[in-house]
Amino acid sequence: MSATPKPMLAKSQEEIPLGEGWRYEPKWDGFRTIATRTADGGVTLASRNDRPLGRYFPEIVALLETQPPASYVLDGELVMITEGEMNFDGLQLRLHPAASRVNKLAAEIPATFVPFDVLEVDGRDVRGLDTDARRDELTALVGRLGGSPAPEGPEGLPPGPAMILTPRTDDPAVARTWFEDEAGFGQDGLVARRADSRYVEGERVMVKIKHHRTADCVVGGYRKERKGDGVGSLLLGLYDREGRLHYVGHTSAFKAKERRELREILAPLEGGDAFGFGDWGDGARSPGGQSRWSAGRDLEWVGLEPKLVVEVRFERLQSGRFRHSASIVRWRQDRDPESCTFEQLGAEPPSWAFEEG
């Protein structure tokens, strides 16, 4: 077996690719994971950056260790399902330094491992096989291990602990229904791959089609760039029904000249208090709160008067914040900042928007 297998990657595309020879799968909202089991039964779980995940998901390690004998290298996703929906926030809670806390969470809300490709089986390297042949190998292996066969669609994924083969279709109409996620299960889009493609570690052989939406947000502050005198990122906010501006994320994809120009544009608005008096002080969420994921980062930010509106593109609003950095579509001089509310996203504000400090 390879010492440190690297996952095959995907390039982004706006539309679902069509034509003969495409295979479609859900894009899971979880942790990409390489699961390795050696001939002596030892199991390791590693992230796409080769960081160990086993200590955070002991229930999955135990599940794989107790399955029938086999050695393999599987590519898949660790996900968490609660109340019929993907739960990425719950997954992140597992990244805790205390084993007692991890074990408690593993017992209360166990994770699920969803394999979608195979690199090696019982000492055989199958990377050189085409997509359909590897799928046959994977299906047979999951069945031999006692894992669950693929459900008809993403929403058929039950809670863990479990190993469940990812669904797959060659019908673009079915893939479209998965992508649209009318059931609200919460998968992250689609992955498409050619039927005749091999598994190539570290290369962007697959295609990913992710959910994207736009929102008009208030610029409530900014962070300075680490090296230089420009703007590092803009801090974005949305108003709740009580008129409080909540921090929802940031955007930071600027060229060097744009960073300096933005600093000049924002200078007259500095000193504002758009996000209130702290993360929970007046019931409004603001940037800058420390967490175990922000350790070592410079979280100092400059408050602005809430006068500017920018339309941004984002993938998903989860627990009241953009999952990833948003990208600017355009500035909206025509929008009143107070009109930039959670309601524009077609959903109620998150519950914390109505909590007292």
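Contact here means heavy atoms within 4.5 Å of each other. Helices (H or I, at least four residues) and strands (E, at least two) are DSSP runs, numbered from the N terminus. The model is predicted: local features need pLDDT of at least 70, side-chain atom pairs count only at pLDDT 80 or more, and totals for chains, interfaces and linings use all residues. Residues are numbered from 1 along each chain as its sequence is written, and side-chain values use heavy atoms, with hydrogens and water left out.

**Exercise 1.** Determine which residues of helix α5 are buried and what they pack against.

*Solution.*
Step 1. Buried denotes under 20% relative accessible area, exposed over 50%, and partly exposed in between (1.4 Å probe, protein chains only). In α5, which spans residues 172-180, the buried residues are A175, W178 and F179.
Step 2. These residues cover an arc of only 100 degrees around the axis, so they lie on the same side of α5. The arc is that of the directions from the helix axis to the C-beta atoms.
Step 3. An α-helix has 3.6 residues a turn, so residues three or four places apart point the same way.
Step 4. The packing partners of the buried residues are β2 (22-26), β11 (189-194) and β12 (204-210).

**Exercise 2.** Describe the two ends of α5.

*Solution.*
Step 1. At the N-terminal end, D171 acts as the cap, with a side-chain oxygen 2.8 Å from the backbone nitrogen of A173.
Step 2. Just after the helix, D181 adopts a positive phi of about 50 degrees.

**Exercise 3.** Establish the strand order of the sheet that contains β11, and place α5 relative to its strands.

*Solution.*
Step 1. Two strands pair if DSSP finds at least two bridges between them. The open sheet has 4 strands in the order β1-β12-β11-β2, with mixed pairing.
Step 2. β1 and β2 are the edge strands, each pairing on one side only.
Step 3. On average, neighbouring strands of this sheet are turned by 35 degrees against each other, direction ignored.
Step 4. β2 and β11 run antiparallel and are joined by 5 bridges; W22 stands opposite R194 in β11.
Step 5. Helix α5 lies across β2, β11 and β12, and runs at about 25 degrees to β2. Axes are lines fitted to C-alpha atoms, for helices over the stretch in contact, and angles run from 0 to 180 degrees between N-to-C directions.

**Exercise 4.** Classify K11 and K210 as buried, partly exposed or exposed, and list their contacts beyond four places in sequence.

*Solution.*
Step 1. K11 belongs to strand β1 (residues 9-12). Its relative accessibility is 45%, so K11 counts as partly exposed.
Step 2. K11 is in contact with R204, M206, V207 and K208, neighbours within four places being left aside. The C-alpha atoms of K11 and M206 are 6.4 Å apart, although 195 residues separate the two along the chain.
Step 3. K210 is located in β12, and is buried because its relative accessible area is 14%.
Step 4. With residues up to four places away not counted, K210 touches K27, F179, D188, G189, E315 and H324.

**Exercise 5.** Identify the buried and exposed residues of α6 and the strands against which the buried ones pack.

*Solution.*
Step 1. R259, L262 and L266 are the buried residues of α6 (residues 256-266). They fall within an arc of 65 degrees, so they line one face of the helix.
Step 2. The face turned away from this buried side carries the exposed residues K257 and E264.
Step 3. The buried residues of α6 pack against β13 (213-224), β14 (231-239) and β20 (327-331).

Methods:
Polar contact = N/O pair within 3.5 Å; in protein donor to acceptor, adjacent residues only side chain to side chain.
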